[in-house]
2 protein chains.
Amino acid sequence: MTMLPAVIRRRPANVQVAVDLVILTVRDGHLAVLIIDRGNEPYLGRSALPGGFLHEGEDLLHAAERELHEETGLQGLASHLEQVGTYSAVDRDPRGRILSVAYLAVVPNLPSPVAGTDAVDARWTGIDTGPLAFDHNVILCDAVERARTHLENTPLAASFCQEPFTIGDLRSVYEAVWGVALDPRNFHRKVTGMDGFVVPTGTMRHPPTGRPASLYRCGPARTLYPPLQRPPRG
Amino acid sequence: MTMLPAVIRRRPANVQVAVDLVILTVRDGHLAVLIIDRGNEPYLGRSALPGGFLHEGEDLLHAAERELHEETGLQGLASHLEQVGTYSAVDRDPRGRILSVAYLAVVPNLPSPVAGTDAVDARWTGIDTGPLAFDHNVILCDAVERARTHLENTPLAASFCQEPFTIGDLRSVYEAVWGVALDPRNFHRKVTGMDGFVVPTGTMRHPPTGRPASLYRCGPARTLYPPLQRPPRG
DNA sequence: GCAAAAGTGTTGCTTATACACCCATGT
DNA sequence: ACATGGGTGTATAAGCAACACTTTTGC
């Protein structure tokens with residue numbers, strides 16, 4: 001420890017805190033993320049994750065809910081929100097010292113691309129989107145990995161579906177997020193045999209063609225035991 | 001919900017950022033956490049997790065490493081550090097708006113309680129410690145749960161051991177963190193049969209009584225597949 | 001020899017996978 | 001009839017828990 005630098009380095013950092021959202025859904029059998037085009041400097045015109053600054057008198061989860069509502073119109077418990085991590089590289093934002101807390105939001109496939117208010121340039125893209133502003137590629141990668149893991153251990157997949165949903169709906173979520181094909185018969189047995197994952201509504205959905213499927217809602221389970229194991233990394 | 005004018009609530013929050021550490025180890029077959037007695041207001045004299053403010057010019061991981069070094073004398077890659085989450089309740093700190101980013105540190109059983117510098121009142125206690133300052137009980141709970149999960153999917157358990165270690169050492173870590181008894185024979189087979197978890201050194205350790213045990217180091221694997229499944233919650 | 005901890009073999013049960021097969025509907 | 005997706009049964013394989021048994025040391 002040197003004397004002079006110590007005086008400088010011991011100063012508590014003066015920081016601002018932003019919240020960035022990774023909003024995931026499944027569209028056309030593929031995992032998609034909501035991306036906006038930035039309207040301000042820095043990175044003007046560049047693609048980025050939606051987000052904004054933490055306001056006075058609100059905690060991070062409220063800030064994330066507010067941003068989610070502004071971007072998608074979704075509100076309340078209709079979606080699943082979870083903290084992914086906090087990103088703090090000193091040079092991550094050219095405006096100064098800004099920490100970003102990333103949240104993962106999983107929403108059902110929305111009818112219109114976005115019913116948001118502020119970010120009119122929002123759009124859904126595949127998760128292999130091009131370069132994003134700031135460190136948003138890293139954040140996106142971490143959030144997707146988190147979603148994949150949570151599919152194994154929690155009923156998160158149901159958050160991708162609008163209730164009520166069929167077992168086939170649920171399976172297509174797993175296939176899209178994990179990027180693998182699953183056996184429909186074994187998947188059906190595993191999910192319906194699991195305790196508290198899904199509960200039948202007693203009603204049916206009639207697809208354009210094929211046998212009607214039983215409809216389900218999300219059950220009371222918060223964790224899946226045993227987990228639905230993802231096939232080996234290939 | 002207060003009726004504050006919108007113009008106030010839209011102001012970006014002015015916050016400070018702290019880093020709090022959950023430093024875990026295994027002592028006498030039990031999971032233990034490093035706790036300090038606070039020397040300043042607020043919560044003067046109360047037990048708390050070690051921590052401090054983020055400094056200028058350092059990111060969160062560096063701040064966590066600095067704090068860990070100040071508290072335990074440990075430095076560099078000898079330990080495992082991982083972000084657990086960011087805690088942001090508006091009233092979590094009476095001094096004002098202070099966010100805390102929690103880090104989990106897993107260290108081998110240290111010879112002396114603590115070889116630290118600053119916090120002379122640091123001590124190891126069981127994880128069922130009494131009430132802590134701030135929201136530190138919640139942070140501790142989250143961090144322990146994270147460690148338990150990571151034992152299933154990563155070679156984290158080796159971070160609790162000083163290298164080289166025996167399979168029995170490793171097993172006692174699982175038993176302490178999970179709080180269950182495991183079959184030594186099946187555990188041995190599972191771990192040694194796993195790809196890249198542990199690599200034999202070729203040397204032996206002679207216990208005071210009993211057959212000598214082969215010594216191992218941590219292998220190259222970063223994730224365990226298939227995971228070492230924890231027995232059902234009971 | 002005896003206690004203690006390491007390590008191996010074996011058995012029986014549980015679970016997963018692959019796939020044959022039947023069901024119910026729209027066209 | 002036939003295409004399409006929903007759902008059940010079953011055989012084979014893989015994995016796991018339980019435990020008998022052998023090995024290697026200190027005393």
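Student: How many residue pairs are in polar contact between chain B and chain A?

Tutor: This is a predicted model. With both residues at pLDDT 80 or more, 13 residue pairs are in polar contact between chain B and chain A. A polar contact here is a pair of N or O atoms within 3.5 Å.

Student: Which elements of chain B supply at least two residues of the side that touches chain A?

Tutor: They are α1 (6-9), β1 (16-27) and β5 (80-87) of chain B. Of these, β5(B) gives the most, with 3 residues. By class, the side of chain B that touches chain A has 16 nonpolar, 10 polar and 9 charged residues.

Student: How many residues of each chain are in contact, and what area is buried between chain B and chain A?

Tutor: Read the residue count and the area together. On chain B, 35 residues are in contact with 33 residues of chain A. About 3,000 Å² is buried between the two chains, and carbon and sulfur atoms give 50% of that area.

Student: How many salt bridges are there between chain B and chain A?

Tutor: A salt bridge pairs a side-chain nitrogen of Lys or Arg with a carboxyl oxygen of Asp or Glu, within 4 Å. Between chain B and chain A the count is 2. One of them joins Glu56(B) to Arg11(A), with the closest N and O atoms 2.8 Å apart.

Student: Now a single chain. Which domains does the assignment give for chain A?

Tutor: Domain 1 covers 15-151 and domain 2 covers 154-218. Their centres, taken over C-alpha atoms, are separated by 27 Å.

Student: What area is buried between domain 1 and domain 2 of chain A, and what share of it do carbon and sulfur atoms give?

Tutor: The buried area is about 1,300 Å², and carbon and sulfur atoms give 70% of it. In residues, 15 of domain 1 are in contact with 12 of domain 2. The salt-bridge count between these two domains of chain A is 0, while 4 residue pairs are in polar contact, both residues being at pLDDT 80 or more.

Student: Which elements supply the side of domain 1 of chain A that touches domain 2 of chain A?

Tutor: β1 (16-27), β2 (30-37) and α3 (136-153) of chain A each supply at least two residues. The largest share, 4 residues, comes from α3(A). That side of domain 1 has 8 nonpolar, 6 polar and 1 charged residues.

Student: Turning to the DNA, which residues are closest to DNA strand C?

Tutor: A residue is taken as near a strand when one of its heavy atoms lies within 4 Å of it. By that cut-off 21 residues surround DNA strand C, the closest being Arg185(A), Asn186(A), Arg211(A), Arg185(B) and Arg211(B). The surface near this strand has 4 nonpolar, 8 polar and 9 charged residues.

Student: What share of the strand C atoms within 4 Å of the protein belongs to sugar or phosphate?

Tutor: Sugar or phosphate accounts for 51% of those atoms, and bases for the rest. Individual contacts show both kinds of partner. On the base side, an N or O atom in the side chain of Asn186(A) is 2.8 Å from a base nitrogen of DNA strand C, and one in the side chain of Arg189(B) is 3.1 Å from a base oxygen of that strand. His188(B) instead has a polar side-chain atom 3.3 Å from a sugar or linking oxygen of DNA strand C.

Student: Which elements give two or more residues to the surface near DNA strand C?

Tutor: From chain A there is α5 (184-193); from chain B there are α4 (167-178), α5 (184-193) and β9 (213-218). The largest share, 4 residues, comes from α5(A).

Student: And which residues come nearest to DNA strand D?

Tutor: Of the 20 residues around DNA strand D, the nearest are Arg185(A), Gly210(A), Arg211(A), Arg185(B) and Arg211(B). Among the strand D atoms within 4 Å of the protein, 46% belong to sugar or phosphate and the rest to bases.

Student: Where do Arg189(A), Gly210(A) and Arg189(B) meet DNA strand D?

Tutor: Check whether each protein atom is side chain or backbone. Arg189(A) places a polar side-chain atom 3.0 Å from a base oxygen of DNA strand D. Gly210(A) uses a backbone N or O atom, 3.4 Å from a base oxygen of the strand. For Arg189(B), a polar side-chain atom lies 3.3 Å from a base nitrogen of DNA strand D. The elements giving two or more residues to this surface are α4 (167-178), α5 and β9 (213-218) of chain A, together with α5 of chain B. Here α5(B) gives the largest share, 4 residues.

Conventions:
Residues are numbered from 1 along each chain as its sequence is written. Chains are lettered from A and ligands numbered from 1 in the order in which they are written. Side-chain values use heavy atoms; hydrogens and water are left out. A polar contact is a pair of N or O atoms within 3.5 Å; within protein, one must be able to donate a hydrogen and the other to accept it, and residues adjacent in sequence count only if both atoms are side-chain atoms. Ala, Val, Leu, Ile, Met, Phe, Trp, Tyr, Cys and Pro count as nonpolar, Asp, Glu, Lys and Arg as charged, and the others, Gly among them, as polar. Contact means heavy atoms within 4.5 Å. Buried area is the accessible area (1.4 Å probe) that two parts lose on being put together, summed over both. Domain bounds come from an automatic or database domain assignment.
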